[in-house]
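Biologist: I'm new to reading protein structures, so could you pick one charged side chain, look at it closely, and then lead me on from there to the rest? Please take your time.

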Amino acid sequence: MAAGKGTRLKSKHPKVLHEIGGKPILAHVIATAKKVVPAGNIFVIIGHEAESVREAVRGTGVNFVLQAEQRGTGHALMVAREALSGNKAGNKYDQVIVLSGDAPLITADTIRKLSDFHSAQKATMTLLSADLDNPYGYGRVIRKGRGAEVQAIVEEKSATAQQRKIREINSGFYAFAAPALYENIDHLSTANAHGEYYLTDMAGVFHRARKKVVAIKTDDAGEILGSNTRAEMMMLDARLRLAKCRELLERGVTIFYPHTCVIDSDVEVGADTVIEPFVQLLGSTKIGADCRIRSYSVIANSVLGDRVTVKPGTIMEDSRVGAGAVLGPYSHLRPGSDVGEDAHVGNFVETKKIKLGKGSKANHLSYLGDAEIGEGVNIGAGTITCNYDGVNKHKTVIEDGVFIGSDSTLVAPVKIGRGAYVAAASCITEDVPADALALGRARQSVKEGWAREKREKRR
Ligand code: UD1
Ligand code: CA
């Protein structure tokens with residue numbers, strides 16, 4: 001269920017698209033659901049901002065059901081009737097598992113336990129419950145006796161003072177016998193505090209119809225937490241990221257002060273890599289083994305080989321870095337940077353859409369954009385590829401073994417042939433042949449005694 005607006009967030013964006021752990025809340029729920037059933041058997045109920053929600057998770061291969069008007073969680077399932085119970089020819093599914101699109105910490109194990117318990121109990125409805133120290137806001141589970149059977153779920157607003165003391169809450173995850181659900185769902189009514197069709201009322205409906213409703217408690221109440229407010233969302237984000245750090249530690253990664261690091265859910269890191277405090281590893285970033293990522297580096301959607309050193313304050317996006325390379329401090333790799341094995345990119349070097357060959361070095365204060373740089377090249381301090389003429393971008397080619405003297409400007413399109421030298425402070429506007437020396441600067445003139453004479457005049 002992902003059709004709600006999320007009024008309590010005070011946001012113009014739909015609740016399920018708010019991000020925790022670096023991706024939309026709904027994407028977490030879908031990823032978990034896909035571990036339990038194939039994507040083709042997953043139906044996402046969308047409504048509020050339906051098109052943007054659909055767009056955000058289209059790549060997952062799930063189906064969508066449109067709940068154009070959001071009249072409650074029960075109504076959401078009514079709208080899905082056709083998708084889930086299908087045609088007159090019969091039912092498509094025996095069991096329907098309902099997940100809440102705003103509760104992203106649920107695990108595949110717990111969903112399977114819920115489903116298996118439902119089958120083993122031959123129940124009509126099984127709900128996942130949890131004991132919370134502070135059950136405020138959640139529906140409370142009214143058990144029939146001491147056993148697994150449930151009589152009803154009462155929402156916070158409809159609960160009596162006595163019922164509000166119950167600490168066992170409804171998590172919003174259920175398994176239903178699909179045929180029974182759709183034979184009885186029309187008994188739901190909107191006679192309640194919100195004037196909505198509550199899915200939770202199905203417990204009472206089934207109970208009155210003498211059908212079996214049971215509850216199974218989670219071992220970890222943290223898994224079922226929802227994200228109705230910004231505060232809850234930040235709590236989930238912190239939980240998810242700490243869990244991610246624990247998973248990486250488990251895999252042999254060292255993370256100092258993990259609570260200071262921001263590591264997204266899909267990031268991968270190899271064993272014996274060390275991550276220093278205040279590092280951000282974002283999106284689909286993959287880092288090899290034996291690397292060291294030093295403090296204040298922000299690495300997004302990039303792939304790093306083994307034994308890479310990233311010195312403090314390096315910013316990187318959509319880039320690739322070969323094994324043994326050394327970056328930073330304060331390098332800025334913009335999208336499309338491809339740094340070869342054992343290459344060096346040093347402080348205040350900005351790169352964009354370049355290939356820097358194996359063992360090549362650009363150690364200080366440079367801009368390298370739209371360039372193809374070969375192996376064993378030395379880019380002197382202050383080198384600039386002038387790639388933009390105000391209208392179009394042009395390419396610079398620097399072949400293997402070239403030496404670019406400091407403070408040179410290479411006006412693209414231009415090519416420096418294999419093994420050539422460019423003298424310091426040159427402005428290169430024409431191609432340089434292999435093994436040549438190119439000088440592109442004014443000749444120095446010296447006026448003997450000039451400074452002394454100037455000083456003497458001043459006295
Ligand atoms: C719901 C339960 C409550 C439970 C809690 C657990 C009901 C009536 N109450 O309350 O017992 O303790 O979850 O987190 O079900 N949605 C739709 N269409 C709608 C309304 C909601 O798809 O018309 C979706 C929302 O986007 C959300 C989910 O259903 O993902 C749950 O709705 P929400 O409004 O958050 O329910 P709660 O008030 O949290
Ligand atoms: Ca909720």
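Modeller: Happy to! Let's begin with Arg 54, which is partly exposed, with a relative accessible area of 22%. Keep in mind as we go that this is a predicted model. The word "buried" is kept for residues under 20% relative accessible area, so Arg 54, at 22%, counts as partly exposed.

What does the side chain of Arg 54 meet? It forms a salt bridge with the side chain of Glu 51, with N and O 3.3 Å apart. Both residues sit in helix H2 (residues 50–57), and because they are three residues apart there, about one helical turn separates them. Glu 51 is partly exposed too, with a relative accessible area of 49%.

That pair is part of a longer list, since a search of the whole structure finds 24 salt bridges. Another of them joins Lys 15 to Asp 102, with a distance of 2.8 Å from N to O. Lys 15 belongs to the segment before strand E1 (19–20), while Asp 102 belongs to the loop between E5 and H5, so this bridge ties together parts that are 87 residues apart in sequence. Are these two partners buried or exposed? Both Lys 15 and Asp 102 are buried.

Asp 102 has another role in the model. Together with Asn 228 (OD1), Asp 102 (OD) is a protein donor of the calcium ion (ligand 2), and these donors lie 2.4 to 2.6 Å from the ion. Asp 102 is in the loop between strand E5 (95–98) and helix H5 (108–120), and Asn 228 is in the loop between strand E10 (213–217) and helix H9 (230–250), so the two donors tie together parts that are 126 residues apart in sequence. Asn 228 is buried, just as Asp 102 is.

Next, a salt bridge further along the sequence: Glu 372 pairs with Lys 395, and their closest N and O atoms are 2.8 Å apart. Glu 372 is part of strand E27, whereas Lys 395 is in the loop between strand E29 (384–386) and strand E30 (396–398), so this pair ties together parts that are 23 residues apart in sequence. Both partners are partly exposed: Glu 372 has 37% relative accessibility, and Lys 395 has 42%. Salt bridges can also share partners, and in this way Arg 140, Glu 156 and Arg 164 are joined into one network.

Now let's return to helix H2 and meet a neighbour. The buried residues of helix H1 pack against H2, and also against E1, strand E2 (23–24), strand E3 (43–46), H5 and H9. Which residues of H1 (residues 25–36) are buried? They include Ile 25, Leu 26, Val 29 and Ile 30.

What about the nonpolar interior? In soluble globular proteins, nonpolar side chains tend to be buried together. Here the largest nonpolar core has 46 residues, and those with the most contacts inside it are Ile 275, Leu 281, Ile 293 and Ile 416. H9, strand E26 (344–356), strand E27 (361–373) and strand E33 (414–416) each give two or more residues to this core. There is also a second, separate core of 38 residues, which includes Leu 26, Ala 50, Val 62 and Tyr 138. Leu 26 is one of the buried residues of H1.

Ile 416 is a good place to look at contacts. Neighbours within four places in sequence aside, it is in contact with residues including Val 397, Ile 404, Leu 410 and Val 432. Val 432 leads us to Ala 420: the two are 12 residues apart in sequence, and their C-alpha atoms are 7.2 Å apart in space. Ala 420 lies in the loop between E33 and strand E34 (421–422), and at 0% relative accessibility it counts as buried. Leaving aside neighbours within four places, its contacts include Val 402, Phe 403, Val 432 and Pro 433.

Phe 403 then takes us to the surface. With Tyr 421, Leu 437 and Leu 439, Phe 403 makes a nonpolar surface patch of about 410 Å². Leu 439 is in the loop between strand E36 (437–438) and helix H10 (450–458), and at 55% relative accessibility it counts as exposed.

Methods. Residues numbered from 1 in each chain as written. Chains lettered and ligands numbered in written order. Predicted model: local features only at pLDDT ≥ 70, side-chain atom pairs only at ≥ 80, totals over all residues. Heavy atoms only, no water. Patch = residues over 30% accessible without salt bridge, like charges linked within 9 Å, V, L, I, M, F, W, Y side chains within 5 Å. Areas by Shrake-Rupley, 256 points an atom, 1.4 Å probe, with all protein chains shown as cover. Salt bridge = Lys/Arg side-chain N within 4 Å of Asp/Glu carboxyl O. Helix = DSSP H or I, 4+ residues; strand = E, 2+ residues; numbered from the N terminus. Buried < 20%, exposed > 50% of the residue type's maximum accessible area, 1.4 Å probe, protein only. Donors = N, O, S within 2.8 Å, 3.2 Å for Na, K, Ca; no water. Core = buried A, V, L, I, M, F, W, Y, C linked by side-chain atoms within 4.5 Å. Contact = heavy atoms within 4.5 Å.
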